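Biologist: I should like a close look at one part of this model, namely its loops and the backbone found in them. Please then set that part in the context of the sheets, helices and cores around the chain.

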Amino acid sequence: MDRAVCIHGHFYQPSRENPWLGDVEVQRSAAPYHDWNERVAAECYRPNTAARILDADGMIDQIVNTCSRISFTAAPTLLAWLERHRPAIYGAIVEADRESRERYAGHGSAIACCYNHLIMPLATGEDRRIQVAWGVRDFASRFGRTPEGMWLPETAVDLESLDLMAGAGVRFTVLAPHQAGRVRPVGAEAWTDVSGGRVDTTMPYLCRLPSGRSIAVFFYNGGIARDVAFGDLLADGRRFAERLLGAFSRGRERPELVHIATDAETYGHHRDFGEMALAYCLRTIEARHDARLTVYAEYLAAHPPTHEVAVCERTSWSCTHGVGRWQGECGCHSGTHPGWSQTWRGPLREAVVMVRDVLAPRSAEALERLVRDPAEARADAVGLVLGRWSDETTAANFSRHAPCDLSPEGRRRVLALLELERQAMLMQTSCGWFFDDITEPGSVQVMRHAGRVMDLARQALGLDLEPGFIDILRRAPTNDPRYATGAAVYEALARPAAVDLARIGAGAALYALFGLESLAAASGMYAVHGDWRYRSDAGSRRRILGIVRVRSRVTGDEALLDAVALFTGMDRVVFGVREPGGDEALQAAWEEVMGLDPAGAVSGAFSRVYTAPDLSDEERWAIARRTAPEIGQAVCAVYRDAAPLIDALDDLGIPAPGAAVHLQAHACTERLLAMLDRGCPDPDRFTALAEMMRTRNLEPDLLALGAAASRRITLSARTAAARPGDPAPLEEIVRTVRCAKVFPLPLTLWESQNLCIGMRGRYAEMQERAGRGDGDAEQWAKAFRRAAACLGVKVT
């Protein structure tokens, strides 16, 4: 009798990119991280690729990539961000799927997802087709295989969507138990009512579809899933495993599958150290002889459905009212603001649907005149996204779908229409309606996508839908007293995200002033090339002037501009662009910029001028991070001038003023930082300085010191891994950790611990050589034991 356990994690983050720029801008609510993708990656995705299992003494005994043992959703919008911004995590996830195929008889742990997580029963038939096609294509491009399963966003189900999935080769999906309506043995006539969550979740079911196709459906164990997501089951990995194993039937003589599905972010983001509980649970089950781990595809191959099911259409796992949560005030909310109204959901849905339904036939009609088969071109357009709209990708796409004699203007229009349709799907992302108010980031994001759709509609179709869109949003009440209606939210939080080529060009000058790459260029959506002929960084005044060429890879539009930027402080910023005036005009402009009134010169000579209030949060964040070290340099300069006076006050026993105390603390912190950067060659000197600071009540910058110590320990661990037999970097780890414990400092030892565990095989070899009398090997092994102890890693 086969008894198997499957844990499914729905890995997903919505598109958070600025729709005009193609990358995520800073999100203040995610602090201290740059944005929520970055934060959740640090708290969940990275920990799950190397989850710690501790021994009884609290030492790291084993590291587990949980993704290689569980089933998980490979959501395209998340993986696209990870691939660009956290490639190590992305690589570990892809590798986990490869490893799982070896573990689970050729079946991988990853399953696909409808492309951008819109609610499928609320989408048009064409959008559903594209969501499935793009989800399958995205998955195959990342994992090198076709997906066997596909996740329905919010498990919102209808037969048409299941049919499209089955037609794309998808073999199964996963639903909540209350989404099963009736079941019967295959071949039988009589149905049994299992509505209300009464379905037997320990077997897969066959769902017959209108086309004659069929798809398998797994209904997860709702009770255990709820306790994982909302209870305290992740407080103890052993109890988690026992709960799963205890769900098998007693005495039943047929194969059984106990399985759960939750948001994967539960393991680490929603629940601190949840990934550790998951890892321990997995190891506990693997050690058993009466049950085994599996993934859905492996179990389905071994145990095809013996029963069929009729699903409850237009239902979901996160709304007890079907799909009402994404249409109006059904009563479902996050629980954070129980008194708030969600009346805004209806007008927001109405506004988005209006834009979608007005543009869909017009866009289709326009495409029919430009490409050979609009349906094929639309389905293939995901290749442009996967190729980051590179020139080669775009050329290949046109060669497949457009006539050879299509004009450059025609090509630009095709690209604009395809991008319009992509953004029209993104504006339907489920997160826009999930939370409690229209002011929340998910809702603002879908309004930004809608804004981009309407922007492209003006360019490609000559239609202006924005007034009507805003009129509908005026009927959307908010719970935030700062905004009267959804229209005010759109005007204040969504519309300012819009940029044109001139604004991107001006921003490029500003970024170049600080040696940074603009967000537009970094995203790959734009080619930005600056010829910065004039530059001055004299004193605190920075100036730059040149020519910038900006080309949208997404739409093909481009502009050539003169661009200038001036910076004398965060509140004294001027930057702008104009039509190119030639070399002499550029030289004349530089002479004026270097004059007594540079800001006035820019305002008088450039047609588009921006100042500090026009900076986006992302631009302010980038500049502030780049210039922040200047604060420390300025403080050090002041201290150097004041040091003789401060020493005299100390020598004479005269209490130093508060400003002098802060100067001393900063100066001492700088000295400690310098020692840490060198690997603490003299720990006694570090300790003495730290003790002096304590005696004088000088407050060190513990965060800065902790970050510096963590960087040095990581560098030492990398060096140790790269230089077999050299004990010096291991000894440096010991010294640096010893110094860090003086305060103690907050340390980030993630990578260092991973590297240390990776060296345990080398340690075994060195121990063997040391036993044969090799003195060098004995010295290395001793240094490794000490370093491992400092990092909290069990040696054997």
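Modeller: At 27% relative accessibility, Arg-388 counts as partly exposed, because that class lies between the buried limit of 20% and the exposed limit of 50%. The model is a predicted one. Arg-388 sits in the loop that runs between helix 12 (382-386) and helix 13 (391-401). Although Arg-388 is not a glycine, its phi is positive, at about 55°.

A second residue of this kind is Cys-680, which is not glycine and has a positive phi near 50°. Cys-680 belongs to the loop between helix 25 (658-677) and helix 26 (683-695). Its relative accessibility is 1%, so Cys-680 counts as buried.

Positive phi values also occur at glycines in two hairpins. The hairpin of strand 2 and strand 3 has 5 residues between the strands, and Gly-58 there has a positive phi near 80°. Strand 2 (residues 51-54) and strand 3 (residues 60-64) are antiparallel and are paired over 4 bridges; Arg-52 has Ile-63 in strand 3 as its bridge partner. In the hairpin of strand 10 and strand 11, again with 5 residues between the strands, Gly-212 has a positive phi near 100°. Strand 10 (residues 205-208) pairs with strand 11 (residues 214-219) in the antiparallel sense over 4 bridges, and Cys-207 is placed opposite Ile-215 in strand 11.

Two loops contain a cis peptide bond. One such bond runs from Ala-31 to Pro-32, with omega near 10°, and Pro-32 is in the loop between strand 1 (3-10) and helix 1. The other joins Phe-743 to Pro-744, with omega about 0°; Pro-744 is in the loop between helix 28 (728-740) and helix 29.

Helix 29 leads to a helix contact. Helix 29 (residues 750-758) packs with helix 31 (residues 775-791) at an angle of about 140°, and the axes are 10 Å apart. Their crossing is left-handed. Ser-752, Gln-753 and Cys-756 of helix 29 meet Phe-784, Ala-788 and Leu-791 of helix 31. By class, this contact comprises 4 nonpolar residues, 2 polar residues and no charged residues.

Helix 1 (36-49), for its part, is among the elements that cover the buried residues of helix 2; helix 3 (87-103), strand 5 (110-113) and helix 4 (125-143) are also included. Those buried residues of helix 2 (residues 76-85) are Pro-76, Thr-77, Leu-78, Leu-79, Trp-81 and Leu-82.

Leu-82 also appears in the largest nonpolar core, which has 194 residues; Ile-7, Leu-82, Phe-240, Leu-244 and Met-447 touch the most other members. Helix 16 (residues 441-461) gives the most to this core, with 10 residues. Leaving aside residues up to four places away in sequence, Leu-244 touches Val-5, Ile-7, Ile-224, Val-258, Ile-260, Cys-281 and Ile-285. A second, separate core has 25 residues, among them Ile-713, Ile-733, Met-766 and Trp-780.

The hairpin of strand 10 and strand 11 has its own setting in a sheet. This open sheet has 6 strands in the order 7-11-10-14-8-9, with mixed pairing. Strand 7 (172-175) and strand 9 (192-193) are at the edges with a single partner strand each, so one side of each has no neighbour in the sheet. Helix 5 (residues 159-167) packs on the sheet and touches strand 7, strand 10, strand 11 and strand 14; its direction makes about 115° with that of strand 11. Strand 10 also pairs with strand 14 (residues 307-311), in the parallel sense over 2 bridges, and Leu-206 is opposite Glu-308 in strand 14.

Another open sheet has 5 strands in the order 15-16-17-18-19, with antiparallel pairing. Strand 15 (526-536) and strand 19 (608-611) are its edges; each has a single partner strand, so one side of each is left without a neighbour in the sheet. From one strand to the next, the twist averages 20°. Strand 18 (residues 572-578) and strand 19 run antiparallel and are joined by 4 bridges, with Val-574 opposite Thr-611 in strand 19. Helix 22 (residues 598-605) packs on this sheet, where it touches strand 16 (542-552), strand 17 (558-569), strand 18 and strand 19; the direction of helix 22 makes about 160° with that of strand 17.

Key
Residues numbered from 1 in each chain as written. Predicted model: local features only at pLDDT ≥ 70, side-chain atom pairs only at ≥ 80, totals over all residues. Heavy atoms only, no water. Axes fitted to C-alpha atoms, helices over the stretch in contact; angles between N-to-C directions. Left-handed = near helix turned anticlockwise from the far one by under 90°. Contact = heavy atoms within 4.5 Å. Nonpolar A, V, L, I, M, F, W, Y, C, P; charged D, E, K, R; others polar. Pairing = 2+ DSSP bridges. Core = buried A, V, L, I, M, F, W, Y, C linked by side-chain atoms within 4.5 Å. Buried < 20%, exposed > 50% of the residue type's maximum accessible area, 1.4 Å probe, protein only.
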